[in-house]
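Student: I am new to this structure and would like a close look at one part of it. Please start there and then work outward to the rest.

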Amino acid sequence: MSVLDDIVAGVREDLAVRQQELPEADLHRQVEAARTPIDPMPAFREPGLAVIAEVKRRSPSKGDLAPIPDPAALATAYADGGADAISVLTEQRRFGGSLDDLRAVRAAVPTPLLRKDFVVTDYQLMEARAAGADLVLLIVAALDDVLLADLHATARELGLTPLVETHDHAEIERAVAVGARLIGVNARNLKTLEVDPDVFGRLAATLPADVVKVAESGVAGVDDARRYADQGADVVLVGEALVRDGDPASAVAAMRAVGR
């Protein structure tokens, strides 16, 4: 079993518990009462480099990154730095996140929010919408073609913007086939957790011209952000470097200044 398979298995177990606690009919009512999602795409398409700043306590590859006792305070710092969107890890077992973190951040900032998790069911999309997310991550490597298409379509119907994550040419073809307009290229192999910083540069040119390109993983600072921008990235998604920075607002602002 790969690392990704193990993570998804745990996600499904935790999801079953939440589904028992909150029936789908009740979740539907929460979705109906939720605010209208923000469209992040206009900001992502503006000249320069956009930044998705991540609230991330730990990871399977690095272990504990930062305690983050108050995710809302960190998100506020990101917003002060001009973050174009904020990603909130909601997976509990490996990343130490929760939907409560997402709700707390939603209450604190008006910035578009990405629910970062391993989404495998429509129920999780509704959870994201009810908790105030504007975007949701769909990982091609974790989904077959039918499920990827279903989740992408359902996310759009809910008003969510899907960030479709890829790792190779075949996954990019699958993302394009379902109509993805926001495609991430993750330098981290989720099956081995190894990072290849050259992955984005190799794959970016194969993405359609009208797709917003997101570089994920491998951003330790401004130099990495600039390298990704030079390779065609419209957006960088940054977690570890920001949660460990003593001045996350300034760090976000410095990355956004690339190309502006």
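Student: Which residues does aspartate 84 touch, not counting residues up to four places away in sequence?

Tutor: The model is predicted, so local features need pLDDT of at least 70 and side-chain atom pairs count only at pLDDT 80 or more, while totals for chains, interfaces and linings use all residues. Residues are numbered from 1 along each chain as its sequence is written, and side-chain values use heavy atoms, with hydrogens and water left out.

Not counting residues up to four places away in sequence, aspartate 84 touches Ala43, Phe44, Leu49, Ala50, Val51, Thr111, Pro112 and Arg256. A contact here means heavy atoms within 4.5 Å. Aspartate 84 sits in the loop between helix 4 and strand 4; helices (H or I, at least four residues) and strands (E, at least two) are DSSP runs, numbered from the N terminus. Its relative accessibility is 9%, so aspartate 84 counts as buried. The cut-offs are under 20% relative accessible area for buried, over 50% for exposed, and partly exposed in between, with a 1.4 Å probe and protein chains only. A polar atom of the aspartate 84 side chain lies 2.9 Å from the backbone nitrogen of valine 51. A polar contact is a pair of N or O atoms within 3.5 Å; within protein, one must be able to donate a hydrogen and the other to accept it, and residues adjacent in sequence count only if both atoms are side-chain atoms.

Next come the two elements that flank this loop. Helix 4 covers residues 71–80, and its buried residues are Pro71, Ala72, Leu74, Ala75, Ala77 and Tyr78. Strand 1 (50–55), strand 4 (85–89), helix 5 (99–108), helix 11 (240–243) and helix 12 (248–256) are among the elements that cover them. One of these buried residues, tyrosine 78, is in contact with Ala53, Glu54, Val55, Ala83, Ile86, Leu242, Val243, Pro248 and Val252, leaving aside its neighbours within four places in sequence. After helix 4 comes glycine 82, with a positive phi near 95 degrees.

On the other side of the loop, strand 4 holds serine 87. With 0% relative accessibility, serine 87 counts as buried. Its side chain makes a polar contact of 2.7 Å with the side chain of glutamate 54. Beyond four places in sequence, serine 87 touches Ile52, Ala53, Glu54, Val55, Leu114 and Lys116.

The largest nonpolar core has 88 residues, and Phe44, Tyr78, Ile86 and Leu125 have the most contacts inside it. Such a core is a set of buried Ala, Val, Leu, Ile, Met, Phe, Trp, Tyr and Cys residues joined through side-chain atoms within 4.5 Å. In soluble globular proteins, nonpolar side chains tend to be buried together.

Helix 7 can be described in a similar way. Spanning residues 145–157, helix 7 has 13 residues and reaches 18 Å from its first C-alpha to its last, close to the 18 Å expected at 1.5 Å a residue; the expected span is 1.5 Å times one less than the number of residues. Buried in helix 7 are Leu148, Leu151, His152, Thr154 and Ala155. They cover an arc of only 170 degrees around the axis, which puts them on the same side of helix 7; the arc is that of the directions from the helix axis to the C-beta atoms. The buried residues of helix 7 pack against helix 6 (122–131), strand 6 (135–139), strand 7 (161–166) and helix 8 (169–177). Exposed residues Val146, Arg156 and Glu157 are on the face turned away from the buried side. At the start of helix 7, a side-chain oxygen of aspartate 144 comes to within 3.2 Å of the backbone nitrogen of valine 146. Glycine 159, just after helix 7, has a positive phi of about 90 degrees.

Two residues that are not glycine also have a positive phi: leucine 193, at about 70 degrees, and serine 217, at about 75 degrees. Leucine 193 is in the loop between strand 8 (182–186) and helix 9 (199–204), and serine 217 is in the loop between strand 9 (212–216) and helix 10 (222–230).

As for the whole protein, its secondary structure comes to 12 helices and 10 strands. Of its 260 residues, 55% count as buried.
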